[in-house]
Structures are given as structure tokens and as C-alpha cells.
Amino acid sequence: MAVYKIVEIGDPILREKARPIKTITPNIHKLLKNMADTLYQAEGFGLAAPQIGISKRVIVMDVGDGLIELINPEIVWSEGEQVGNEGCLSVPGVTREVSRAMKVKAEGLDRNGKPVAIEGEGLLARCLQHEIDHLEGILFVDRSKKKAVGRV
Ligand code: ZN
């Protein structure tokens, strides 16, 4: 088990557009494993590689139904709206109300490089949008309407 240090808001890597994965190597498998370890250790719902200082398009998530790994993910379809509180392991101690699509479909690659699609609604949809935002250098606080109290 290897747990990475989670990068926090203010670190420029969180604002970079992450690079796509061209080839799935053993290093990517190691990255996925260590990201999952880090996610469970931190008790979060999702983690994107830039949050551990690696500017690559890799995300892991678990909203209670098991681990989801996605490489080069993209939202290809969305529907509806949900407004709810959101937080981020990279923005400790802050929650803000954020509007997201209620349902989304994301496409990407699995750990073997095989194309996969994941459809989710509610928390899973919110999580997919939040993690994929990280790959574009977008943080949830950028999307919140209200200025709330907190150190941002
Ligand atoms: Zn986050």
C-alpha cells in the first residue's frame, strides 16, 4: 500500500490541463493502485491524478458501490440538474453549493486500455463531473455561485 500526499489549492498543478495517457504501462497500473489507496485512506469519493501532483488524465472514484478507475475520461452526455454541497480533498475544510448535471455518461479507458462507458446519476454523476473538472484545472469553488466562508 502506498499513499500519496494530496496537493492542496494554491499548487499550480491543480490549474494545469492534465495530459492524456497514450500507452497503458505497468506504471499506470501502479498509479491506479496507489491512487485508490490514497482515496480510501483520505475517505473521499474521488481522486484525480493532478491532486497527487501527477498531471495525467486518470481518475478513481468510489461512491459506495466499489472502485471505478477511468483513464482519459470525458463527459459525452448529460441531463438535468442537481444543486448540492460539494467538497474536495484538495480544498480541505470547505464545502460549497454547486450546480451539476443530474445524470451523465462518461467514456474513457479501463486499466487494460479497453474503451468503457459509465453512466451515473446523483452522487456518482456529481463525482464524475468533479473529477473530470480536475483534469481541466477546474476546482469546485470555481463553479459555486455563493461566496461562502472558508479559506479559499
Ligand atoms: Zn476535488
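**Group meeting: a walk through the model**

Let's start at M61. Setting aside neighbours within four places in sequence, M61 is in contact with L39, F45, G46, G66, L67, I68, L124, C127, L128 and E131. Please keep in mind that this is a predicted model.

M61 also belongs to something bigger. The largest nonpolar core has 16 residues, and M61 is one of those that touch the most other members, along with I59, L70, I118, L124 and L128. Where does this core come from? At least two residues each are supplied by β2 (58-61), β3 (68-79), β6 (103-109) and α2 (123-135). The most generous contributor is α2, with six residues. Apart from this core lies another one, of 13 residues, and its members include I21, M35, L39 and A49.

Two of those names, M35 and L39, take us to helix α1. M35 and L39 are both buried there, and so are I28, L31, L32, N34, A36, D37 and T38. What lies over them? The cover for the buried residues of α1 includes β1 (46-48), β2 and β3. Here is a little sanity check on the helix itself. Helix α1 covers residues 26-42, which is 17 residues, and at 1.5 Å a residue it should span 24 Å; the C-alpha atoms at its ends are 24 Å apart, so the two agree. Just after α1 comes E43, with a positive phi of about 55°.

Now for the metal, which I suspect many of you were waiting for. Which atoms hold the zinc ion? The zinc ion is coordinated by SG of C88, NE2 of H130 and NE2 of H134, at 2.0 to 2.2 Å. Along the chain, these donors follow the spacing C-x41-H-x3-H. The pair C88 and H134 links distant parts of the chain: C88 sits in strand β4, H134 sits in helix α2, and 46 residues separate them. Both C88 and H134 are buried.

Let's stay with H130 for a moment, and bring in E86. E86 lies in strand β4. Is E86 buried or exposed? With a relative accessibility of 4%, it falls under the 20% cut-off, so E86 counts as buried. What does this acidic side chain meet in there? One polar contact runs from the E86 side chain to the side chain of H130, at 2.7 Å. Another goes to the side chain of R126, at 2.5 Å. So that you can find the rest on screen: beyond its neighbours within four places in sequence, E86 is in contact with V94, T95, R96, V98, R100, R126, H130 and F140.

My last stop is S90, in the loop between β4 (82-88) and β5 (91-100). You might have guessed that a loop serine would be out in the open, but S90 has 0% relative accessibility and therefore counts as buried. Which partners does its side chain find? The S90 side chain makes a polar contact with the side chain of Q51, at 3.0 Å. The side chain of S90 also reaches the backbone oxygen of V7, at 2.7 Å. Outside its neighbours within four places in sequence, S90 is in contact with I6, V7, E8, I9, L14 and Q51. Take E8 from that list: S90 and E8 are 82 residues apart in sequence, yet their C-alpha atoms are 4.2 Å apart in space.

That's my tour, and I'm happy to go back to any of these spots with you.

Key. Residues numbered from 1 in each chain as written. Predicted model: local features only at pLDDT ≥ 70, side-chain atom pairs only at ≥ 80, totals over all residues. Heavy atoms only, no water. Helix = DSSP H or I, 4+ residues; strand = E, 2+ residues; numbered from the N terminus. Buried < 20%, exposed > 50% of the residue type's maximum accessible area, 1.4 Å probe, protein only. Polar contact = N/O pair within 3.5 Å; in protein donor to acceptor, adjacent residues only side chain to side chain. Contact = heavy atoms within 4.5 Å. Core = buried A, V, L, I, M, F, W, Y, C linked by side-chain atoms within 4.5 Å. Donors = N, O, S within 2.8 Å, 3.2 Å for Na, K, Ca; no water. Expected span 1.5 Å × (residues − 1).
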